[in-house]
Amino acid sequence: MLESDAKFTIFPRQIKDQESRFPTCFLSFRHTMLKVPEHQVAGHQALGGHLGPLIDDSGRFYKPLQGDERGSKEMSFYTSFSSNTRVPEHIRRFFPVFHGTQLVEASDGSGRKPHLVLEDVTSGQFKPCVMDIKIGSRTWYSESSEDYIQRCLKKDMETSSLSLGFRISGLQVYGNKESEVWKPERKVVQKLDADEVRLVLKRFVSSDPSPDLESNPDCCYASSVYGGSTGILAQLLELKAWFEDQTTYHFNSCSVLMLYEKKPLLPKKGGSSAAEVKLIDFAHVTEGKGVIDHNFLGGLCSFIKFISEILTNPDEQSPRACSQYSDKNGGATENGAAESK
Ligand SMILES: O=P(O)(O)O[C@@H]1[C@@H](OP(=O)(O)O)[C@H](OP(=O)(O)O)[C@H](O)[C@H](OP(=O)(O)O)[C@H]1OP(=O)(O)O
Ligand SMILES: Nc1ncnc2c1ncn2[C@@H]1O[C@H](COP(=O)(O)OP(=O)(O)O)[C@@H](O)[C@H]1O
């Protein structure tokens, strides 16, 4: 368990679940229909009878507790973090609100299983543009098994993690046209080089996200999404300041999720786009033991540099055509389905 200086107040009524080794809490049992999240861009997915997260209509995201130590690690983290008085209030907003755990019907048909009940950070958004960026040049940590270390090492070397200190795990970007969304193949975006990552980060804030080889992205949402006193860059810098100080947690293999809602009209100059940064995926968080999380901090700094440079030079032509990750149609798909090359 992660150390925490506060009491275990989130779970006033722990019930030993016969089917699992996780304490289960029925905060308020609600009979709601759960569904597959439409705007999920990475991670394990509930489609096709697999085990994955579900959402309800009230803005909650149900993440199944993985049956190995990943599940208990993530729950430990949320429990510790929720009651850790050393975490500044202004930092809490970067984490999904945690509502405890609940037994719900698992998406793989295996019956009622414990799920973390989290705030659905895309709730209420009609056309959320979402990008999941896995931070850190290494996703393994010394406490992991040899097999896990080898798998992570391989992925880190094959993707941009090792070279850039982060990798884009997945994304979706809406265009201005109704129902047009670009959701490129995940395994391809993970391997982009620095120029290509820059181009994807530009497309993320452009009116037409389609990977048209002839056109340079217009970056017309860059200043309202990335810039400004409340934009993505400002939020990342706020997080960075915390990471320069906090030594309680090491956020191995965690992601930064960037989100904003695509509106057909441009926000007024200087206007806010309500862009948000969230941290997600705490299945591999370990104790910081008084040491700076330099792996996360380094990756975050590298990512910040990419965003800053786009704000400074939005019109700079990308030196490389982005053919590697354009889809078969050379453009955005109508239904957002990711297509492999
Ligand atoms: O199953 P895969 O190969 O897609 O790998 C998952 C990763 O997908 P990716 O490599 O980004 O495509 C996945 O990465 P994302 O969260 O999608 O960035 C996780 O790393 C997941 O491991 P864990 O649950 O965090 O231990 C990974 O799952 P495990 O293979 O560790 O079960
Ligand atoms: N609280 C949340 N609200 C909405 N979407 C979320 C939330 N947490 C995760 N997601 C979506 O699910 C994806 C995978 O989440 P993650 O926690 O990394 O799962 P995994 O452990 O399976 O990798 C993210 O890329 C994001 O699209």
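## Two ligands and some unpaired cysteines

Let's start at ligand 2, where one of its oxygen atoms sits 3.4 Å from a polar backbone atom of A42. Keep in mind as you look around that this is a predicted model. A second polar contact involves H44: an N or O atom in the H44 side chain is 2.7 Å from an oxygen atom of ligand 2. Then there's E119, which uses its backbone, with a polar atom there lying 2.8 Å from a nitrogen atom of the ligand. As for how much of the ligand gets covered, ligand 2 on its own has 560 Å² of accessible area, and the protein covers 92% of that.

Now zoom out a little to the shell. There are 15 residues surrounding ligand 2, and V41, H44, K63, E119 and D132 are the closest of them. Sorted by class, that shell is made up of 6 nonpolar, 4 polar and 5 charged residues. If you're wondering where ligand 2 sits in terms of pockets, the answer is the largest pocket.

Next up is ligand 1. The space taken by ligand 1 is the largest pocket too, and ligand 2 sits in the largest pocket as noted above. Around ligand 1 you'll find 15 residues, of which K155, S169, R186, K187 and H284 come nearest. Two of these names come back in the polar contacts. In H284, an N or O atom of the side chain is 2.6 Å from an oxygen atom of ligand 1. In K155, a polar side-chain atom lies 2.7 Å from an oxygen atom of the ligand. K134 also joins in, with an N or O atom of its side chain 3.1 Å from an oxygen atom of ligand 1. Here the protein covers 79% of the 600 Å² of accessible area that ligand 1 has on its own.

Finally, the cysteines. How many disulfides does a search of the whole structure find? It turns up 0. Two residues help show why. For C220, the closest cysteine sulfur belongs to C219, but it is 8.3 Å from the sulfur of C220, so that pair is too far apart for a bond; a disulfide would need the two sulfur atoms within 2.5 Å. C220 is partly exposed, at a relative accessible area of 27%. C254 has no bonding partner either, because its closest cysteine sulfur, in C152, is 13 Å away, too far for a bond. Unlike C220, which is partly exposed, C254 is buried, with a relative accessible area of 0%.

Key: Residues numbered from 1 in each chain as written. Chains lettered and ligands numbered in written order. Predicted model: local features only at pLDDT ≥ 70, side-chain atom pairs only at ≥ 80, totals over all residues. Heavy atoms only, no water. Near = heavy atom within 4 Å. Polar contact = N/O pair within 3.5 Å; in protein donor to acceptor, adjacent residues only side chain to side chain. Areas by Shrake-Rupley, 256 points an atom, 1.4 Å probe, with all protein chains shown as cover. 1 Å grid on protein atoms, 1.4 Å probe; cavity = no way out; pocket = protein on both sides within 12 Å on 5 of 7 lines; lining within 4 Å. Sits in = over half its atoms within 2 Å of the grid points. Nonpolar A, V, L, I, M, F, W, Y, C, P; charged D, E, K, R; others polar. Buried < 20%, exposed > 50% of the residue type's maximum accessible area, 1.4 Å probe, protein only.
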